[in-house]
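Hello,

I'm passing this structure on to you, along with a short tour of what turned up in it. Please have it open beside you while you read.

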Amino acid sequence: MRAIIQKVTKASVTVGDRCTGSIGQGMCVLLGISTKDTDKEIEWMANKLVKLRIFNHPDTDKPWDADLLQCKFGILIVSQFTLQCVLKGNKPDFHNAMKAEQSEQMYNKFVQVLKSKIPNSDTLVQEGEFGAFMQVHIQNDGPVTIPIESPESLSTQKVKPAKPQKQNNKNQGKKKMESSEVAKDETDKVVEQVTKDLDKKL
């Protein structure tokens, strides 16, 4: 999953004469979904967006020190399959982009996950229109533009087997040593008794 994040003073999307989403200060996110993306990529990207510190802190005005939640800014999400483009010579190829029907389901799920992480999401989370020919109006603040891509390792993560506890191994070794010492003591006692018996006979 790829995203182009732009810090904006305002941004909006229109389809024809109709505005589908509009925000003031905040971030505009162009989102490209690949054929390999799963719920793991959705969760990773949503967390990254709400935690990305690209704004001045509202109390100290320190730059690069606050995220969306701290500033209570808006976010405009625009689906853009062309972010999954690879060039074959001079011709763009989009075979890495997820097919439209499946991609729309993933996009809608992403928006819902994102909304669950942002208070007042009905107002602060705005959208374009999936699959439509859109006009995206972005007033970039800075300019600040940050590309983000979910790590490939997310789709191949496996649950690692639990490592044996070292303490148990030490205890087992200790028990073995104790058993050996007991056996040695018993053998020494037998040898000592046999020696005494022989001395008496002699």
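Let's begin with Lys117, which is partly exposed, with a relative accessible area of 22%. Before going further, please keep in mind that this is a predicted model. Lys117 makes a good starting point, as its side chain meets that of Glu43 in a salt bridge, with 2.7 Å from N to O. This pair links distant parts of the chain: Glu43 sits in helix α1, Lys117 in the loop between α3 and α4 (121-124), and their positions lie 74 residues apart in sequence. Glu43 is also partly exposed, at 34% relative accessibility.

**The other salt bridges**

In general, side chains of opposite charge can pair when their charged atoms come close. How many salt bridges does the structure hold? There are five, and two more of them are worth a visit.

One joins the side chains of Glu129 and Arg18, at 2.8 Å from N to O. Here too the partners come from distant parts of the chain, 111 residues apart: Glu129 belongs to the loop between β7 (125-127) and β8 (135-149), while Arg18 is in strand β2 (residues 18-23). Glu129 has 28% relative accessibility and counts as partly exposed; Arg18 counts as partly exposed as well, at 43%.

The other is formed by the side chains of Asp39 and Lys109, 3.2 Å from N to O. Asp39 lies in helix α1 (residues 39-51) and Lys109 in helix α3, so this bridge ties together parts that are 70 residues apart in sequence. Asp39 is partly exposed, with a relative accessible area of 44%, and Lys109 is partly exposed too, with 39%.

**The chain as a whole**

Stepping back, the secondary structure comes to five helices and eight strands. Following the sequence from its start, you meet them in the pattern β-β-β-α-α-β-β-β-α-α-β-β-α. The chain has 202 residues, and 33% of them are buried. If you take the contacts between residues at least 6 apart in sequence, 71% join residues at least 24 apart.

**Two residues on strand β1**

Strand β1 (residues 2-15) contains Lys7. Is Lys7 paired or unpaired in a salt bridge? Lys7 is buried yet has no salt bridge: the nearest side chain of opposite charge is that of Asp141, 4.1 Å away. A salt bridge needs the nitrogen and the carboxyl oxygen to be within 4 Å, so the 4.1 Å between Lys7 and Asp141 does not qualify. Residues up to four places away in sequence aside, Lys7 touches Gly26, Ile54, Phe55, Asn56, Gln139, Asn140, Asp141 and Val144.

Thr9 is also in strand β1, and at 30% relative accessibility Thr9 counts as partly exposed. Apart from neighbours within four places in sequence, Thr9 is in contact with Gly24, Gln25, Gln139 and Asp141. The C-alpha atoms of Thr9 and Gly142 are separated by 9.4 Å, although these residues are 133 apart along the chain.

**A residue on helix α2**

Gln70 has its place in helix α2 (residues 68-71) and is partly exposed, at 39% relative accessibility. Setting aside neighbours within four places in sequence, Gln70 is in contact with His57, Pro58 and Asp65. Gln70 and Val50 are 20 residues apart in sequence, and 9.4 Å separates their C-alpha atoms.

**The pockets**

Which residues lie nearest the centre of the largest pocket? They are Ser79, Gln80, Phe81, Gly131 and Met134, out of a lining of 18 residues. The volume of this pocket is about 350 Å³. Its lining divides into 12 nonpolar residues, five polar and one charged. Both β4 (74-79) and α3 (100-116) supply at least two residues of that lining.

The second largest pocket holds about 300 Å³ of space. It is lined by 15 residues, and the closest to its centre are Met1, Ser34, Lys36, Glu149 and Glu152. This lining is made up of three nonpolar, six polar and six charged residues.

Happy exploring, and all the best!

Note on methods:
Residues numbered from 1 in each chain as written. Predicted model: local features only at pLDDT ≥ 70, side-chain atom pairs only at ≥ 80, totals over all residues. Heavy atoms only, no water. 1 Å grid on protein atoms, 1.4 Å probe; cavity = no way out; pocket = protein on both sides within 12 Å on 5 of 7 lines; lining within 4 Å. Points joined across faces, edges and corners; volume = space filled by probe spheres on them. Helix = DSSP H or I, 4+ residues; strand = E, 2+ residues; numbered from the N terminus. Nonpolar A, V, L, I, M, F, W, Y, C, P; charged D, E, K, R; others polar. Buried < 20%, exposed > 50% of the residue type's maximum accessible area, 1.4 Å probe, protein only. Lys, Arg positive; Asp, Glu negative; His and termini not counted. Contact = heavy atoms within 4.5 Å.
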